[in-house]
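Here is a set of short questions and answers for a first look at a protein model. Each answer sets a value against its definition and then concludes.

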Amino acid sequence: MDFIIQNIINALQWGSFYALIALGYTLVYGVLRLINFAHGDIFMVGAYIAFFVAGFMLGPALGLSPMVTFLLAVPLTMFLTACVGVTLERVAYRPLRRKGAHRLYVVITALMCGLILEYSNLAVLGASRLKFPELVHKTIWDIGGVTVTNLKVIVIFAAIAVFVILNFIVTKTKIGMAMRGISYDKFAIPLMGIPIDQIIVFTFILGSGFAGLAGLLFAMSYPVLEPFMGMLIGWKAFIAAVVGGIGDIRGAFYGGFLLGFIEVGVVTVFPSTYRDLFAFTILLIILWMKPTGLFGMPQSTKI
């Protein structure tokens, strides 16, 4: 039993990372019908931003304690990462949207933006890996043979808190109503006096900020940073969002945890080299059975 509980906790931690990134994918798609393939690399940028922010605060200039640094690094990392996401929207996506470019060109632009972020990082910082400083002293609790660390608890509760806050914003606030309205009919919303560009910017702020938080928490849990760290985890989070029903917040959240449970479950039974093979095969079977995802709804086009 303790073996099963231990793997459930590990799966919750991995699923939390996937869920945080998948929420950004589904937010942008839900509003713009745009698959922001650069989102995984925004996660990578967030981890590097957290690294430099933490290094500056811990350095001789300020000399703050690790815990204070962590408390300050969370909002600052989310803010700076959100600035990166907004910059991408203003520079890359908005001009195409205003010119009425085909959705395929916007997707290709998103892919190129991700590559630019990766290779810019590689050009500026080099290929050497960076070690993230220890901001929270690692505490290990042994409960009946089950090992739980304070970092795992922080990651899991952060993912749940983000989902609750985001769900409240989208379903209970006026700006959330505007986001849902743009998703339904982006041409009628401006006629009602709603500034569509501001809503889109707010969407990128939320999605990129959550990616920055995921990058910080991931760097604290696995403190080795490299320029391509966001590529695979970004693709997996996107697949999790699709399986959950992209465009639906619940789908992204549960899809991320579903992928985490499948991966950890596969590793407990088979060699780790089979993890992605079995995980993606299971997700593919789910999409065969329900092409719109677990919580997705069929989209109808009005003529």
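Q: What makes a stretch of chain a helix here, and where does G24 lie?
A: A helix is a DSSP run of H or I with at least four residues, numbered from the N terminus. G24 lies in helix 1. The model is a predicted one.

Q: Why is G24 called buried or exposed?
A: Buried means under 20% relative accessible area. G24 has 1%, so G24 is buried.

Q: What does G24 touch, once residues up to four places away in sequence are not counted?
A: G24 touches H39 and G207. A contact needs heavy atoms within 4.5 Å.

Q: How far apart are the C-alpha atoms of G24 and T171?
A: They are separated by 16 Å. Along the chain, the two residues are 147 residues apart.

Q: How many helices and strands does the protein have, and in what order do the elements run?
A: There are 10 helices and 4 strands. From the N terminus on, the order is α-α-α-α-β-β-β-α-α-α-β-α-α-α.

Q: What makes L20 buried or exposed, and which helix holds L20?
A: L20 lies in helix 1. Its relative accessible area is 0%. The cut-off for buried is under 20%, so L20 is buried.

Q: Which residues is L20 in contact with, leaving aside neighbours within four places in sequence?
A: L20 is in contact with A158, A159, V162, F210, A214 and L217.

Q: How far apart are L20 and A252, in sequence and in space?
A: In sequence, L20 and A252 are 232 residues apart. In space, they are 8.5 Å apart, C-alpha to C-alpha.

Q: Which residues of helix 6 are buried?
A: Helix 6 covers residues 174–184. Its buried residues are G176, A178, M179, G181 and I182.

Q: What do the buried residues of helix 6 pack against?
A: They pack against helix 1 (2–32), helix 5 (150–172) and helix 7 (196–221).

Q: Why is V124 called buried or exposed?
A: Exposed means over 50% relative accessible area. V124 has 68%, so V124 counts as exposed. V124 lies in helix 4, residues 103–125.

Q: How far is V124 from E263?
A: V124 and E263 are 34 Å apart in space, C-alpha to C-alpha. In sequence they are 139 residues apart.

Q: What makes L294 buried, exposed or partly exposed?
A: Partly exposed is the class between the 20% and 50% cut-offs. L294 has 36% relative accessibility, so L294 counts as partly exposed. L294 is found in the segment after helix 10 (275–289).

Q: Which residues is L294 in contact with, leaving aside neighbours within four places in sequence?
A: L294 is in contact with V243, G244, G245, L258 and I286. The C-alpha atoms of L294 and D248 are separated by 9.6 Å. Those two residues are 46 residues apart along the chain.

Q: How many disulfides does the structure hold?
A: The structure holds 0 disulfides. A disulfide is a covalent bond between the sulfur atoms of two cysteines.

Q: Why is there no bond between C83 and C113?
A: A disulfide needs a pair of cysteine sulfur atoms within 2.5 Å. The sulfur of C83 is 16 Å from the closest cysteine sulfur, in C113, so the gap is too far for a bond.

Q: Why are C83 and C113 called buried or partly exposed?
A: C83 has a relative accessible area of 32%, so C83 is partly exposed. C113 has 8% relative accessibility, so C113 counts as buried.

Q: How do you know that the radius of gyration agrees with a compact globule?
A: For 303 residues, a compact globule would have a radius of gyration near 19 Å. The protein has 19 Å, so the value agrees.

Q: How much of the protein is buried, and how much area does the protein expose?
A: Buried residues make up 48% of the 303 residues. The protein exposes about 15,100 Å². Carbon and sulfur atoms supply 72% of that area.

How values were computed:
Residues numbered from 1 in each chain as written. Predicted model: local features only at pLDDT ≥ 70, side-chain atom pairs only at ≥ 80, totals over all residues. Heavy atoms only, no water. Helix = DSSP H or I, 4+ residues; strand = E, 2+ residues; numbered from the N terminus. Rg over C-alpha atoms; globule rule 2.2 N^0.38 Å. Buried < 20%, exposed > 50% of the residue type's maximum accessible area, 1.4 Å probe, protein only. Areas by Shrake-Rupley, 256 points an atom, 1.4 Å probe, with all protein chains shown as cover.
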